[in-house]
Amino acid sequence: MSPRLAWALVLGWMALIAALSHQSAWQGPATASGLPLADKLDHLAEFAVLGALLWNAVSRHHPLPWLAPAIFVLALGAGYGVLDELHQSLVPGRSAELGDWLADAVGVALGSYTLDRWQR
């Protein structure tokens, strides 16, 4: 896979997250199941995919070679989680929650770590 395609997949997934966050009544698969803390599982899952896509892109082309790839991926993914939560605070019926952002950051870390281990 080319670096351009890898980064395009990252941007596409970020756009999908933004589109889902813009819906006032969207419920992910875990939330619809009624499980306790299900909304956190939804955040964790969607950001785990983002973490894996980011790791895939960074492993092909790391734009900041002086910064450790894992830190770059976590900073970029967790930073996007902050933007996602701020975006949700502007959508009627949605709110920004620290717990959701933590689930986002843990998801990025788990997704990138899992892909790194799988690639090795």
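This passage describes how the helices of a predicted model pack against one another and which residues form the main nonpolar core.

The protein chain is built from five helices and zero strands, so a walk along the sequence gives the simple pattern α-α-α-α-α. Of the 120 residues in the chain, 38% count as buried. Contacts reach well along the sequence: among those between residues at least 6 apart, 70% join residues at least 24 apart.

A good place to begin is the pairing of helix H3 (residues 38–60) with helix H4 (residues 69–89), whose axes come within 10 Å and cross at roughly 140°. That angle makes H3 oblique to H4, and the crossing of the two is right-handed. On the H3 side, the contact is formed by His43, Glu46, Phe47, Leu50, Gly51, Leu54, Trp55 and Val58. Facing them in H4 are Pro69, Ala70, Phe72, Val73, Leu76, Gly77, Tyr80, Gly81, Asp84, Glu85 and Gln88. Sorted by character, the residues of this contact comprise 11 nonpolar, five polar and three charged.

H4 also meets helix H5 (residues 98–119), with axes that come within 9 Å and cross at roughly 150°. Angles over 145 degrees count as roughly antiparallel, and H4 and H5 are therefore roughly antiparallel to each other. Here, too, the crossing is right-handed. H4 contributes Val73, Leu74, Gly77, Ala78, Gly81, Val82, Asp84, Glu85 and Gln88 to this contact, while H5 offers Asp100, Trp101, Asp104, Ala105, Val108, Ala109 and Ser112. These residues divide into eight nonpolar, four polar and four charged. Several H4 residues appear in both contacts, among them Val73, Gly77 and Gly81, which meet residues of H3 as well as residues of H5.

Which residues have the most contacts inside the largest nonpolar core? This core has 17 residues, and those with the most contacts inside it are Trp7, Val10, Phe47, Leu50, Leu54, Val73 and Tyr80. Helix H1 (3–21), H3, H4 and H5 each supply at least two of its residues, with the largest share, seven residues, coming from H3. Phe47, Leu50 and Leu54 belong to the H3 side of the contact with H4, and Val73 and Tyr80 to the H4 side, which ties the helix pairing back to the core. For Val10, the picture can be drawn residue by residue: leaving aside residues up to four places away in sequence, Val10 touches Leu50, Leu53, Leu54 and Ala57.

How values were computed:
Residues are numbered from 1 along each chain as its sequence is written. This is a predicted model: local features need pLDDT of at least 70, side-chain atom pairs count only at pLDDT 80 or more; totals for chains, interfaces and linings use all residues. Side-chain values use heavy atoms; hydrogens and water are left out. Axes are lines fitted to C-alpha atoms, for helices over the stretch in contact, and angles run from 0 to 180 degrees between N-to-C directions. Helices (H or I, at least four residues) and strands (E, at least two) are DSSP runs, numbered from the N terminus. Angles under 35 degrees count as roughly parallel, over 145 as roughly antiparallel, 65 to 115 as roughly perpendicular and the rest as oblique. A crossing is left-handed if the near helix is turned anticlockwise from the far one by less than a right angle, and right-handed if clockwise. Contact means heavy atoms within 4.5 Å. Ala, Val, Leu, Ile, Met, Phe, Trp, Tyr, Cys and Pro count as nonpolar, Asp, Glu, Lys and Arg as charged, and the others, Gly among them, as polar. A nonpolar core is a set of buried Ala, Val, Leu, Ile, Met, Phe, Trp, Tyr and Cys residues joined through side-chain atoms within 4.5 Å. Buried means under 20% relative accessible area, exposed over 50%, partly exposed in between (1.4 Å probe, protein chains only).
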